[in-house]
Amino acid sequence: MKPKSVLLQWVEAFNNSDVEKISNLYADDAVNHQVANEPVVGKTDIKKMFEFEFAQAEMTCIVENIFEDGEWVIIEWKDPLGLRGCGFFHIVDSKIVFQRGYWDKLSFLKQHNLPIV
């Protein structure tokens, strides 16, 4: 499966808060590093991260642009509240092995009335 197809499945699972589906898109030793947070290593811990995050806030990823180059795919996104960000995904054998995301954590926390940590 091409990286763009994997990313589109990721967006669908994210928008449905589907922890099982989204976590199954990651390799067992994957790294998810949202730069506003510490890196999360391993499929099991990535699944726990999504369980926690989906319980904290209702989130929606609206795709603005997708760029694909070999094993890499980049997404520019926004959400209904006006937050914007981008994500870089390295996908090998139809599995996400590395993800890095850039977004404004302070704005996110304020928009969802979450404690600033």
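Ring pairs join Trp 10, Phe 14, Tyr 26, Phe 50, Phe 54 and Phe 89 into a cluster. The model that shows this cluster is predicted. Across the whole structure, a search finds eight aromatic pairs. One of them is formed by Tyr 26 and Phe 50, whose rings are tilted, with 6.2 Å from centre to centre and 40° between the planes. Tyr 26 belongs to strand E1 and Phe 50 to helix H3, so this pair ties together parts that are 24 residues apart in sequence.

Are these two residues buried or exposed? A residue counts as buried when its relative accessible area is under 20%. Tyr 26 has a relative accessibility of 1%, so Tyr 26 is buried. Phe 50, at 2%, therefore counts as buried too. Leaving aside residues up to four places away in sequence, Tyr 26 touches Trp 10, Asn 32, Lys 43, Ile 46, Phe 50, Lys 95, Ile 96 and Gln 99.

In soluble globular proteins, nonpolar side chains tend to be buried together. Here the largest nonpolar core has 30 residues. Those touching the most other members are Trp 10, Phe 14, Ile 22, Tyr 26, Phe 50, Phe 89 and Ile 96. At least two residues of this core come from each of helix H1 (3-15), helix H2 (19-23), strand E1 (26-34), helix H3 (43-56), strand E4 (72-78), strand E5 (84-92) and helix H4 (105-111). H1 supplies the largest share, six residues.

The strands come next. Six of them form an open sheet, in the order E2-E1-E6-E5-E4-E3, and the pairing is mixed. At the edges are strand E2 (40-41) and strand E3 (62-69), each of which pairs on one side only.

Following the sheet inwards from E2 leads to E1 and E6. E1 and E6 pair in the parallel sense over five bridges. Within this pairing, Val 31 has Phe 98 in E6 as its bridge partner. E6 (residues 95-103) also pairs with E5, here in the antiparallel sense and over eight bridges. Ile 91 has Ile 96 in E6 as its bridge partner. E5 and E6 make a hairpin with two residues between them, and Asp 93 in the turn has a positive phi of about 50°.

E5 also pairs with E4: the two run antiparallel and are joined by seven bridges. They too form a hairpin, with five residues between the strands, and Gly 82 in this turn has a positive phi of about 100°. One bridge joins Glu 76 to its partner Cys 86 in E5.

Two helices can now be placed against the strands. H1 lies across E1, E3, E4, E5 and E6, and runs at about 155° to E3. H3 lies across E1 and E2, running at about 50° to E1.

The cysteines are the last topic. A disulfide is a covalent bond between the sulfur atoms of two cysteines. How many disulfides does a search of the whole structure find? The search finds zero. For Cys 61, the nearest cysteine sulfur is that of Cys 86, 11 Å away. A disulfide needs the two sulfur atoms to be within 2.5 Å, so that cut-off is not met. Cys 61 has a relative accessible area of 8%, so Cys 61 is buried. Cys 86, the bridge partner of Glu 76, is likewise in no disulfide.

How values were computed: Residues are numbered from 1 along each chain as its sequence is written. This is a predicted model: local features need pLDDT of at least 70, side-chain atom pairs count only at pLDDT 80 or more; totals for chains, interfaces and linings use all residues. Side-chain values use heavy atoms; hydrogens and water are left out. A nonpolar core is a set of buried Ala, Val, Leu, Ile, Met, Phe, Trp, Tyr and Cys residues joined through side-chain atoms within 4.5 Å. Buried means under 20% relative accessible area, exposed over 50%, partly exposed in between (1.4 Å probe, protein chains only). Helices (H or I, at least four residues) and strands (E, at least two) are DSSP runs, numbered from the N terminus. Contact means heavy atoms within 4.5 Å. Rings of Phe, Tyr and Trp (its six-membered ring) pair if their centres lie within 6.5 Å; planes under 30 degrees apart count as stacked, over 60 as edge-to-face and the rest as tilted. Two strands pair if DSSP finds at least two bridges between them. Axes are lines fitted to C-alpha atoms, for helices over the stretch in contact, and angles run from 0 to 180 degrees between N-to-C directions.
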